[in-house]
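Colleague: Could you take me through the salt bridges in this protein, one pair at a time? I would like to know where each partner sits and how much of it is open to solvent.

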Amino acid sequence: MTDPIADYLTRLRNAVKANHRVVEVPSSNLKKAITKILHEEGYILNYKFIDEGVQGTIKIALKYDPTNKVNSIRNLKRVSTPGLRKYVGHKDLPQVLNGLGIAIISTSKGVMTDKQAREENVGGEVLCYVY
C-alpha cells in the first residue's frame, strides 16, 4: 500500500456513505493520532485501539445526529499525497470553511489541528481536511 492515510480516509468515507455504525481500519501511530483528533473535535463518537496480531486495528464508532440520521462528517479530503507533498509555514496555515472544518497538520511537535498549530506557531505537512 503506497498511501495508508488515503486508505484510512477512504474507509471512513465509505462507512459514512453506507451508514455503518462501526468501521475497522489497520492501525499505525499516525492513524491513532488522527483518530484522537477526530474524537476530540467531535467528528466521531468513540474509538478503541485493539493491539492484536502484527499491526493491530482501530475500531471507530461513527457519530450520527439522532433526529435526521446525518453523519457529523460531511467530507474528508486528502491534501498531501506521497507523489506531491503539501507543506505550509505557520503564517500560511489553511482555514477550512472559514473555521467550520479542520485541517489536520503533521508538525515537528506532533499531529494537530490547524487551530492548535496557529497557537503553537508551527507549520508542517497538511494531511487532510475534515468538515
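Modeller: Happy to; I will start with the overall layout and then go through three of the pairs.

Please keep in mind that this is a predicted model. The protein has three helices and eight strands, and from the N terminus on they follow the order α-β-α-β-β-β-β-β-β-α-β. For its 131 residues, a compact globule would have a radius of gyration near 14 Å, and the protein's 15 Å agrees with that. Along the principal axes, the C-alpha atoms fill a box of roughly 40 × 40 × 25 Å. Buried residues account for 40% of the chain. If we take contacts between residues at least 6 apart in sequence, 59% of them join residues at least 24 apart.

Now to the charges. There are 20 positive and 13 negative side chains, and the centres of these two sets lie 4 Å apart. Side chains of opposite charge can pair when their charged atoms come close. The structure holds seven salt bridges, and here are three of them.

Let us begin in helix α1, which covers residues 4-17. Here R11 and D7 form a salt bridge, with 3.0 Å from N to O. The two residues are four apart, about one turn of the helix. R11 is partly exposed, its relative accessible area being 33%.

The next pair joins two separate elements. K32 makes a salt bridge with D51, and their closest N and O atoms are 3.8 Å apart. K32 belongs to helix α2 (residues 29-40), while D51 is in the loop between β2 (44-50) and β3 (57-62), so this pair ties together parts that are 19 residues apart in sequence. D51 is exposed, with a relative accessible area of 62%.

The third pair takes us to helix α3, residues 114-120. D114 and R118 meet there through their side chains in a salt bridge of 3.7 Å, N to O. As with the pair in α1, these residues are four apart, about one turn of the helix. The two partners differ in how open they are: D114 counts as buried because its relative accessibility is 2%, under the 20% cut-off, whereas R118 is partly exposed at 30%.

Put side by side, R11 with D7 and D114 with R118 each sit within one helix, while K32 with D51 links a helix to a loop. As for the surface around them, the protein exposes about 7500 Å², and carbon and sulfur atoms supply 48% of that area.

Definitions and conventions
Residues numbered from 1 in each chain as written. Predicted model: local features only at pLDDT ≥ 70, side-chain atom pairs only at ≥ 80, totals over all residues. Heavy atoms only, no water. Rg over C-alpha atoms; globule rule 2.2 N^0.38 Å. Buried < 20%, exposed > 50% of the residue type's maximum accessible area, 1.4 Å probe, protein only. Contact = heavy atoms within 4.5 Å. Areas by Shrake-Rupley, 256 points an atom, 1.4 Å probe, with all protein chains shown as cover. Lys, Arg positive; Asp, Glu negative; His and termini not counted. Charge placed at Lys NZ, Arg CZ, Asp CG, Glu CD. Salt bridge = Lys/Arg side-chain N within 4 Å of Asp/Glu carboxyl O.
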